[in-house]
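Visitor: I should like a close look at a single part of this model, namely its charged side chains and the way they pair. Please take the matter step by step.

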Amino acid sequence: MVKSAVGTWPFSQDGLQTAVNVLNAGQSALNAVVAGITKVELDPSVTSVGFGGLPNELGILQLDAAIMDGKSGNSGSVMAVERCHSAIMLARLVLTNCKHSVLVGQGARRFAYDQILVNPSLLRHMTRAEINELFAVDQEILEGLQKDPNLGFDSWPTIQVDSLNELEISQCLHLACTNEQVLTQHAKNRYQEYLEDTRKNQGIPSIRHPQAHSDTVGMICLDDQGNLVAGCATSGMQFKKVGRVGDSPMVGHGLYADGTVGAATASGDGDDMIRFCVSYTVVELMRNGMDVQQACEKCMERIMKQAPSTQAAVIAMDAKTGAIGAYATRQGFRFTCWTDSSSPVKLVDALISEEHQQVYNPMRWAHKCV
């Protein structure tokens with residue numbers, strides 16, 4: 001069975017290589033997607049995903065993430081998660097260990113502690129002193145769970161984070177005590193610029209910091225057992241309203257996977273894209289006979305026709321062959337990809353057809369969450 005992997009944007013390249021390493025070690029597509037996205041989320045240079053992402057209008061970083069298993073059709077999503085460097089592992093735990101498919105905000109954090117107290121190894125990247133500090137900050141949550149937080153941690157070993165490999169790091173919950181700890185200096189500076197511009201413009205953000213468009217990391221992996229998994233993560237629109245969630249962590253919108261057909265993940269202006277059910281549409285077009293590239297192009301063409309100002313991009317994979325497709329409504333979308341026959345991970349331009357260029361005259365992609 002062929003193995004294959006694809007990710008959105010150049011910043012996914014190191015993450016996709018991590019996912020490929022996991023696949024080549026004989027691990028599952030589920031492990032590969034989580035490891036790959038975690039690698040991107042923990043990279044502070046990526047300003048639209050995880051640690052490194054830009055905060056909301058109150059200066060608080062809120063993360064969204066989702067993952068879908070094409071074999072079972074089950075999914076897990078977390079939204080508006082605060083005080084967290086990476087959210088994809090928490091989404092995976094919702095997928096595998098929760099009777100619900102979506103958890104939001106404080107409820108997601110409570111669920112994280114519920115899982116930690118059952119499986120302390122979720123914090124194996126932390127020292128006991130760091131864990132004690134975390135538990136002290138979230139004492140109210142722990143009391144609400146009515147469980148002894150010391151169980152499983154009494155003889156906690158001293159662990160060197162450098163000794164953990166990328167797969168092990170991705171299987172940890174990267175929680176923080178404060179919002180300050182999850183904001184990079186760049187994010188803090190950008191937030192101060194946003195406040196200054198808003199004040200100068202009498203409460204209206206200037207065009208210099210428009211509240212639109214962020215670049216989601218999406219990733220799809222097919223393992224040698226034929227298992228197909230899609231995942232995505234984002235910090236969302238910069239300086240967004242508190243609690244705002246776009247299309248990324250919503251099944252059928254930001255991601256979709258059907259192990260008998262294919263999978264897709266999307267990136268772009270979530271508030272506009274959400275009405276098009278992008279990822280589900282691409283997979284359904286494949287189910288109805290289109291190949292993976294045709295399906296991506298047809299879906300994006302619909303958006304070009306109905307909402308020409310919308311920035312949207314999609315990547316997809318055929319479940320049977322591992323073939324990859326990608327397309328966008330704007331010039332400049334790039335994606336990363338790998339198959340058994342290619343090495344290393346490639347960075348590819350998603351070129352818009354001459355026909356679409358002539359008919360729609362698409363602009364270049366504007367990266368505004370920077």
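Does Lys188 count as buried, partly exposed or exposed, and what is its relative accessibility? Please set the answer within a connected account of the salt bridges.

Guide: The model is a predicted one. Lys188 counts as partly exposed, its relative accessibility being 23%; the cut-off that matters here is 20%, since buried means under that value. The partner of Lys188 is Glu180, and the closest N and O atoms of this salt bridge are 2.7 Å apart. As a general matter, side chains of opposite charge can pair when their charged atoms come close. With a criterion of 4 Å between a side-chain nitrogen of Lys or Arg and a carboxyl oxygen of Asp or Glu, the count comes to 13 salt bridges.

Another of these pairs involves Arg190 and Glu193, whose side chains meet with an N to O distance of 3.5 Å. Both residues belong to helix H8 (residues 185-200), and because they are three residues apart there, about one helical turn separates them. Their surroundings can be described in terms of accessible area: Arg190 is buried, at a relative value of 8%, whereas Glu193 is partly exposed, at 26%.

A further pair joins Arg83 and Asp138, with 2.8 Å from N to O. Arg83 is located in the loop between strand E3 (75-82) and helix H3 (88-97), while Asp138 is located in the loop between helix H5 (128-137) and helix H6 (139-145); the salt bridge therefore ties together parts that lie 55 residues apart in sequence. Arg83 is buried, with a relative accessible area of 16%. Asp138 also counts as buried, at 4% relative accessibility. The pairing extends to Arg109, for Arg83, Arg109 and Asp138 are linked in a network of salt bridges.

Backbone geometry may be added to this account. Most residues other than glycine have a negative phi. Trp9, which is not a glycine, nevertheless has a positive phi of about 70 degrees. Trp9 is placed in the loop between strand E1 (4-8) and helix H1 (13-24), and it counts as buried at 1% relative accessibility. Asn361, likewise not a glycine, has a positive phi of about 45 degrees. Asn361 is found in the segment after helix H12 (354-360) and is exposed, with a relative accessible area of 60%.

Technical notes. Residues are numbered from 1 along each chain as its sequence is written. This is a predicted model: local features need pLDDT of at least 70, side-chain atom pairs count only at pLDDT 80 or more; totals for chains, interfaces and linings use all residues. Side-chain values use heavy atoms; hydrogens and water are left out. Helices (H or I, at least four residues) and strands (E, at least two) are DSSP runs, numbered from the N terminus. Buried means under 20% relative accessible area, exposed over 50%, partly exposed in between (1.4 Å probe, protein chains only).
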